[in-house]
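Reader: I would like to learn how to read the arrangement of domains and helices in a protein model. Could you take me through one, feature by feature?

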Amino acid sequence: MIELNDAEFSKMYPYIRSHYGINLEKKKYLIESKLWIELARSKSGSYAEYWKKLQNDETGAMERRMMDLLTTNYTFFCREEQHFDFIRRIIVPALPSNRIRPLRIFSAGCATGQECYTLAMELLDLRRAGKLQIPFYILGTDLSETAIAAAQRGFYNSADYARLPQAWQSAYCEEFHDGQFKVRELLHSFVSFKRQNLLEMPPIAPTYDIIFCRNVLIYFEDGERENLIKKLSGALQKGGYLMIGHTESLITIPNHLKYIQPAVYQKPEVRT
Ligand SMILES: C[S@@+](CC[C@H](N)C(=O)[O-])C[C@H]1O[C@@H](n2cnc3c(N)ncnc32)[C@H](O)[C@@H]1O
């Protein structure tokens, strides 16, 4: 394996931190272990050569591939189910009966899509039970191009599939080959995905009823966390909810959201 020397490392990690919010200052070994394959692919004899090629690559493809390799896209269906329970028990029953505006949900840092499809299955169940009358739309975004491509395909292996309740397995998935499963076509009409760097996300008008940004803040520094929370709060409708990961907290991040329960915050109707 080609060694990443200190001079090369000191160019790479600050660039990744300032462009993507991900702090790899203490992860030199991770960079080496993930990027050696890219060195071979780009026929670079050193990290300095690789970095120069990447900086000169006007298509941006080398940089996107690097970030694919350096991001952790770990996720699974029904993860932190308290949030889905909160939607089922609190959010949907409280929707005004005369509301016609669709319910809009944003999953920021959705990885390979299981979070978005879990939401869709939950809301479809509520619709079938007559408890949700309005249309709903879910947008999932992630920095990783390969994660977003996997989310768009909606193909999952048997271990992923096993995490779904049996009723959802038969209602919303089908087996297609070799123990691989795919979410049914129906789900694709409720969920869309796009690649997006949250650090470069432009301000969004208050559009969303619910925003999931779970297990993403952990990778960021305080400054970037604050900027992101400000943008996500701006994108929430008044009364809308922000869900973060249960190991994350907004305690050290200035914000105007109201704490509701662990990992659930609400944008007040009137700014406090
Ligand atoms: C651990 S996964 C969390 C997935 C899902 N939200 C969950 O909780 O299961 C974190 C995701 O955040 C994404 N991510 C990290 N930095 C990002 C950035 N600057 N912009 C967009 N996504 C980012 C990673 O690519 C990764 O897929």
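Author: We shall go from the domains to the ligand, and then to three pairs of helices. Please keep in mind that this is a predicted model.

Reader: Into which domains is the protein divided, and what separation lies between their centres?

Author: A reader begins with the domain bounds and then asks how the parts are placed. Here domain 1 covers residues 6-70 and domain 2 covers residues 82-266, and their centres, taken over C-alpha atoms, are separated by 30 Å. The contact between them draws on eight residues from domain 1 and 11 residues from domain 2.

Reader: Which elements supply the side of domain 1 that touches domain 2?

Author: Two or more residues come from each of helix H1 (6-20) and helix H4 (61-70), and H4 gives the most, with three residues. Sorted by class, that side of domain 1 holds three nonpolar, three polar and two charged residues.

Reader: How many residues surround the ligand, and which are the closest?

Author: For a ligand, one lists the residues of its shell and then sorts them. In this model 25 residues surround the ligand, and the closest are Thr71, Thr75, Gly109, Ala111 and Leu143. The shell divides into 11 nonpolar, 10 polar and four charged residues.

Reader: Why can the ligand be said to lie between the two domains?

Author: The reasoning rests on where the shell comes from: domain 1 (6-70) and domain 2 (82-266) both give residues to it, so the ligand lies between them.

Reader: Turning to the helices, at what angle do H1 and H3 pack, and how far apart are their axes?

Author: For a pair of helices, one reads the angle together with the distance between the axes. H1 and helix H3 (residues 47-56) pack at an angle of about 30 degrees, and their axes are 9 Å apart. Angles under 35 degrees count as roughly parallel, and therefore H1 and H3 are roughly parallel to each other. The crossing in which H1 passes H3 is left-handed. Glu8, Lys11 and Met12 of H1 make the contact with Tyr47, Ala48 and Trp51 of H3, and these residues comprise four nonpolar, no polar and two charged.

Reader: How are H5 and H6 oriented, and what is the hand of their crossing?

Author: The procedure can be repeated for helix H5 (residues 82-91) and helix H6 (residues 114-128), which pack at about 25 degrees with their axes 11 Å apart. That angle makes H5 roughly parallel to H6, while their crossing is right-handed. On the H5 side the contact is made by Phe84, Ile87 and Arg88, and on the H6 side by Thr118, Glu122 and Leu126. By class, the residues of this contact are three nonpolar, one polar and two charged.

Reader: Are H2 and H4 roughly parallel or roughly antiparallel?

Author: Once more the angle has to be read before the direction is named. The axes of helix H2 (residues 28-41) and H4 come within 9 Å and cross at roughly 150 degrees. An angle over 145 degrees counts as roughly antiparallel, and that makes H2 roughly antiparallel to H4. The crossing of H2 and H4 is right-handed. In H2, Lys34, Leu35 and Glu38 meet Arg65, Met66, Leu69 and Leu70 in H4, and the residues of this contact divide into four nonpolar, no polar and three charged.

Terms used:
Residues are numbered from 1 along each chain as its sequence is written. This is a predicted model: local features need pLDDT of at least 70, side-chain atom pairs count only at pLDDT 80 or more; totals for chains, interfaces and linings use all residues. Domain bounds come from an automatic or database domain assignment. Two residues are in contact if their C-beta atoms, placed from the backbone, lie within 7 Å. Helices (H or I, at least four residues) and strands (E, at least two) are DSSP runs, numbered from the N terminus. Ala, Val, Leu, Ile, Met, Phe, Trp, Tyr, Cys and Pro count as nonpolar, Asp, Glu, Lys and Arg as charged, and the others, Gly among them, as polar. A residue is near a molecule or strand if its C-beta atom, placed from the backbone, lies within 6 Å of it. Axes are lines fitted to C-alpha atoms, for helices over the stretch in contact, and angles run from 0 to 180 degrees between N-to-C directions. Angles under 35 degrees count as roughly parallel, over 145 as roughly antiparallel, 65 to 115 as roughly perpendicular and the rest as oblique. A crossing is left-handed if the near helix is turned anticlockwise from the far one by less than a right angle, and right-handed if clockwise.
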